[in-house]
Amino acid sequence: PPCAPCQRGDTGCCARTSFGHLRPGLQTGFCADTGGGWSEAGLVAHQSQLHALEESYDDRDAVTVEPMACALHAVLGAPLAGASTVAVLGAGTIGLGVVAALSFAANRQLIARPSWVLVGARYPHQRTLAKRFGADEVVDDAHLLRAVRLRTGSLQLGGAPATGQLTGGAEVVFDCVGSAASIAQALKLVAPQGTIVLVGMPGQTSVDLTALWHREVRLQGAYAYGTERTAAGPVRTFPLAIELAAELSTGQLVSATYPLERYEEALAHAGAAGRRGATKICFQPALGRAARKDGS
């Protein structure tokens, strides 16, 4: 029978990931029995994990639905009521998805609209997309702390202009990187009694948590998706993400597509995506089939 979290619809918090008929795995694609990323066999999924799309639904929008679901889950679970300033740290697919989710959820009145959404983005194309998705202010990631300080009227406690601790800060910070450096930066950006939402996937990190304790900051994880509790009642994340991707045309995050046989080029492109002005790189097997048909 389903565990308690799955009965509530919180499938991301499943208590049976290491038990039952399937070998251990956090999610589909990371389990030896379900196939997925880089496997030679097909992908096995439960029927509840499949979501039908209209024939007219854009393929590029469709491949962004899953990361948009992650972003929506992070946004809908954050304590945004009364937030004056929200900072988004990192502007890859997930960070830009969080910006889009903030706009979408506020427009649907699923969250209280923050007064100011401030994004730190390293590359020019990321800054363009962040503004397009609804950010109020976008700066180079190296200048994010200064921008938050000026926006919130905070003072700075020592350190260089880009590194010191703020006396105030953003009420909610979305860390969409998940590294030791980004968590440390988020701790400097967040206001006392504020919340850091860890959306990026962290590994083993070493971070000074003194500010977390001293300033009564909350560090909140946001993993995958499931069921969201909104003012209108509970709703599954994926149907919302399907609407978000189409409404904001998040398929524009897809910078290039490759046939499977050019996987080495695709991986090289993805590995240098930021420097090459790209965000998301995808495989499109049909490209390979079409090329073989016409002999090119």
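This passage describes a sheet, a helix that lies across it, and one buried aspartate, D10, in a predicted model. Local features are reported at pLDDT of at least 70 and side-chain atom pairs at pLDDT 80 or more, while totals for chains, interfaces and linings use all residues. Residues are numbered from 1 along each chain as its sequence is written, and side-chain values use heavy atoms, with hydrogens and water left out.

We can start with the sheet. Strands of a sheet pair through backbone hydrogen bonds, either parallel or antiparallel. Here the pairing is parallel, and six strands form an open sheet in the order β3-β2-β1-β6-β7-β8. At its edges lie β3 (137-140) and β8 (218-221), each pairing on one side only. From one strand to the next, the twist averages 20°. Strands are DSSP runs of E with at least two residues, helices are runs of H or I with at least four, and both are numbered from the N terminus; two strands pair if DSSP finds at least two bridges between them. Between β7 (residues 190-198) and β8 there are four bridges, and V197 has Q220 in β8 as its bridge partner.

Helix α4 (residues 93-107) lies across β1 (85-89), β2 (116-121) and β6 (170-175), at about 155° to β1. Such angles run from 0 to 180 degrees between N-to-C directions, with axes fitted to C-alpha atoms, for helices over the stretch in contact (heavy atoms within 4.5 Å).

Finally, D10 sits in the loop between α1 (4-8) and α2 (59-62). D10 is buried, with a relative accessible area of 15% (buried means under 20%, exposed over 50%, partly exposed in between, using a 1.4 Å probe and protein chains only). Not counting residues up to four places away in sequence, D10 touches P5, T227 and R229.
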